[in-house]
Each structure stands twice: as structure tokens, then as C-alpha cells.
Amino acid sequence: MIHALATTDPITPEWLTEALRAAGELPTGAVSTVEARANDAFNSAAAHLTLTYSNDAPADAPRQLFLKRNLATEWAVEAGRDEALFYQAMAAHRDRLPMLIPCYVALIDEARSASTLLMPDVSATHASPLGRDDQISETALAVPDAPALDQAIDALAGFHAAWWQRPELGQGSAAPFALYPLYGDAAQFAAHVERRRGEWEQFIATEGAWFPADLRAIYESALTRLPLLWEEGLGERMTTRRGLTLTHGDCYLSQFLCPRSRVVAPTYLVDFQGSYANLVGEDLVHMFAFWWTREQRREGDREMRSLRRYHDGLLAGNVRDYSWNDLLAEYRRGLTLMLFFPIWDETNGSAQSYWLPKLHNIVAAYQDHCLP
């Protein structure tokens with residue numbers, strides 16, 4: 001029986017043989033050797049593997065693999081388990097999800113707090129349109145070139161369209177089909193608002209001596225409006241599941257892998273450690289508002305053009321009864337909800353060099369879209 005690997009476990013030819021046989025990728029033969037090269041991911045223990053096989057293995061047996069295991073910290077154990085659950089749930093839908101890298105095995109060992117993903121290594125043919133360091137910079141590097149941006153938008157729209165209002169959404173309490181736990185129902189949303197108030201008070205206690213008065217006024221006004229969102233449409237959407245889909249949850253542009261060449265090939269979306277049944281606003285704000293300055297959003301009408309392309313992608317994916325105005329309203333709601341993410345970042349110990357530029361960008365987008 002194939003088992004999940006903890007980070008302290010060796011990656012052996014025997015384990016890989018068993019995993020590939022279980023996946024139907026190695027009907028004969030066995031893995032002879034494996035070489036591992038570490039990946040610099042900060043949120044998992046990941047490695048690029050090069051395999052050789054015995055002579056009786058098929059010529060097309062996969063030779064370049066990507067192995068992902070969770071780190072030992074509590075949040076990483078939970079994130080790794082949720083991502084393995086995501087790929088388990090997606091296994092029956094692979095044919096209609098070209099934006100997902102095929103996953104050979106997705107394993108969870110609750111007793112050892114271990115989860116493992118094994119999939120093809122596409123690093124030779126695909127690359128992120130932005131590295132993480134580029135993504136969080138305040139330079140032109142935070143904007144990918146136009147073709148790569150379009151490919152990422154199309155991949156996200158295709159993923160959302162594939163899960164639009166499907167009956168699986170909101171079923172059970174486990175990822176990925178559970179309702180987003182911060183506001184799946186009225187009680188969760190009320191508790192979420194109270195947490196945001198507490199985080200704001202903690203933030204001001206730490207940063208208030210220098211925090212600009214104009215930004216403070218924006219946040220305090222937004223806090224008074226936050227509880228109203230439930231009655232202004234959020235509650236109706238979550239209760240009826242209208243406009244609900246499966247979301248990524250951490251949808252920065254660095255989470256996409258675009259083809260290195262301009263040949264026709266899938267663009268992949270990766271790192272599904274926070275996928276839930278949710279509205280699309282959060283994924284779009286992650287992509288377009290957190291790390292683009294106002295100038296970058298407005299340059300060449302980049303933000304509106306991106307949102308238009310995304311909406312066109314939904315329509316092309318057979319989403320119906322979701323207008324352009326519906327999308328803009330969802331984006332505004334996402335901006336209001338996510339205005340408080342940088343505050344949480346600070347209270348959670350993130351460096352100021354990370355959360356402060358993020359705060360300035362989201363505030364600017366909130367001012368542009370949500371304030372008179």
C-alpha cells in the first residue's frame with residue numbers, strides 16, 4: 001500500500017515504483033535510480049526528480065517528476081492535507097481541467113501529519129510569469145508581459161467556469177468543496193468581522209504612532225461598512241450558491257506556469273493549498289490589486305482590460321446569467337473584504353517590506369472602485 005512521505009523519509013526507487021504503478025504509469029519494470037534536486041518553495045518541501053528505469057519499463061515512462069511534501073509546522077500540515085484533498089477530488093475531472101498539472105498520487109497520512117503529491121515536472125517547458133520576489137516588488141517587474149498575463153487570466157477563467165455553480169459546492173466541511181470558512185454563513189461572517197476588528201486594534205497598538213491619519217480614516221470607515229456586506233449581497237450569494245465556484249484562494253500571478261515558448265500549450269495553475277467554494281472576487285484581487293500600483297493598474301487600462309478578458313473567459317466557458325456588472329460588483333466586494341489582509345499579515349508577523357506595499361496597493365484600488 002503506497003503511503004505518504006514525511007519530509008524525513010528518503011525518496012527511494014521502491015517508493016516511486018509503487019507510486020507510479022498505483023497511478024497506472026508504470027505497468028511493467030521498475031525505477032532503478034532517482035536523483036533529487038531541491039526546489040526553493042517557501043511553503044512546502046519540494047523536489048525535482050530525475051528517474052531511470054529497468055530495461056523492461058515502457059519507453060514513455062515519466063522521467064522528470066515533481067514531488068511535494070508538507071513542512072512540519074501546524075499551518076503547513078493543514079495546507080498540505082488540503083492540497084492533497086484537492087487533487088484527490090480533481091482526479092475524476094481531469095479531462096475538463098487542462099489548467100491543472102496531472103497528479104499521479106495525492107496521499108495523506110493523518111497519523112504522521114504527512115501529505116505527498118507526485119506529478120510531472122513541467123519546469124523545462126513552463127515558467128511562472130512572475131517569480132515571488134518579482135511579484136512583491138514595487139517595480140515594473142510586478143507586471144508580466146501581456147501574452148503571459150492573458151494566458152494566466154484565461155486559465156483562471158477556465159477553472160472558475162468549469163466549477164461554476166456545480167452541485168458539489170458547499171457539500172461537507174472538508175476542502176476543497178466546503179464553503180469558504182470565513183463567511184460560509186451569517187455566524188461565520190459575524191465572527192470574521194469581530195476578528196478583523198481585533199486585528200485592527202492590535203495593528204494600531206503596534207503601528208499607530210507612525211501610521212498615516214488618512215489611511216487610518218479609510219480603515220476605520222471600512223470597518224463600519226464591513227458588517228453590512230452580508231445584507232448587501234454576500235449573504236444571498238453564499239446562501240443560494242449563486243455565482244459560487246471553486247476558487248484557488250491564494251491566486252497571485254506567481255501561482256501560474258505559462259509555456260516558455262509561444263506554442264499552443266496549457267497554462268497551469270498550481271499550489272492549491274487554500275481552495276474552497278467561494279465567490280471569484282478574492283482570486284481576482286490577488287491577481288490584480290495586491291501587487292499592482294495604481295499606475296500599473298491604469299497603464300493601458302490594464303486592470304479593466306484584464307477583468308474584461310476574465311469575464312469573456314467565463315462566458316466562453318458557458319457561464320450564464322453573470323453580467324459584466326455582476327463581476328464589477330464582485331470585484332468591489334472582494335476589495336472591501338481583502339482590504340484587511342495586510343493588517344492580518346502584520347499581526348501575523350510578516351515583515352513590513354511585505355505588508356506595507358501590499359497595503360498601499362489595496363487601499364488605492366479600494367479608493368478607486370469602492371469610494372465615491
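**Close-ups of a predicted model: H2, two helix pairs and Pro227**

**View 1. The buried residues of helix H2.** In H2, the buried residues (under 20% relative accessible area with a 1.4 Å probe, protein chains only; over 50% is exposed and in between is partly exposed) are Ala76, Val77, Ala79, Gly80, Asp82, Glu83, Ala84, Phe86, Tyr87, Ala89 and Met90. This is a predicted model, where local features need pLDDT of at least 70 and side-chain atom pairs count only at pLDDT 80 or more, while totals for chains, interfaces and linings use all residues. Residues are numbered from 1 along each chain as its sequence is written, and side-chain values use heavy atoms, with hydrogens and water left out. Helices (H or I, at least four residues) and strands (E, at least two) are DSSP runs, numbered from the N terminus. H2 covers residues 74–90, 17 in total, and spans 25 Å from first C-alpha to last, close to the expected 24 Å (1.5 Å times one less than the number of residues). Its buried residues pack against strands E3 (64–69), E4 (105–109), E5 (114–120), E7 (245–247) and E10 (276–278), plus helix H4 (146–162).

**View 2. Helix H5 against helix H6.** H5 (residues 186–207) and H6 (residues 213–225) pack at about 160°, axes 11 Å apart; axes are lines fitted to C-alpha atoms, for helices over the stretch in contact, and angles run from 0 to 180 degrees between N-to-C directions. So H5 is roughly antiparallel to H6 (over 145 degrees; under 35 is roughly parallel, 65 to 115 roughly perpendicular, the rest oblique). Arg196, Arg197, Trp200 and Ile204 of H5 make the contact with Arg216, Tyr219, Glu220 and Leu223 of H6, contact meaning heavy atoms within 4.5 Å. By class, that gives four nonpolar, no polar and four charged residues (Ala, Val, Leu, Ile, Met, Phe, Trp, Tyr, Cys and Pro are nonpolar, Asp, Glu, Lys and Arg charged, and the others, Gly among them, polar).

**View 3. Helix H11 against helix H13.** Here H11 (residues 324–338) and H13 (residues 352–370) pack at about 140°, with axes 10 Å apart. That makes H11 oblique to H13. Tyr331, Arg332, Leu335, Thr336 and Met338 of H11 meet Ile362, Ala365, Tyr366, His369 and Cys370 of H13. The H11–H13 contact has seven nonpolar, two polar and one charged residues.

**View 4. Pro227 in its loop.** Pro227 sits in the loop between H6 and helix H7 (230–240) and is partly exposed, at 30% relative accessible area. Leaving aside neighbours within four places in sequence, Pro227 is in contact with Phe189, Val193 and Arg197. His192 is 35 residues from Pro227 in sequence but 9.3 Å away in space, C-alpha to C-alpha.
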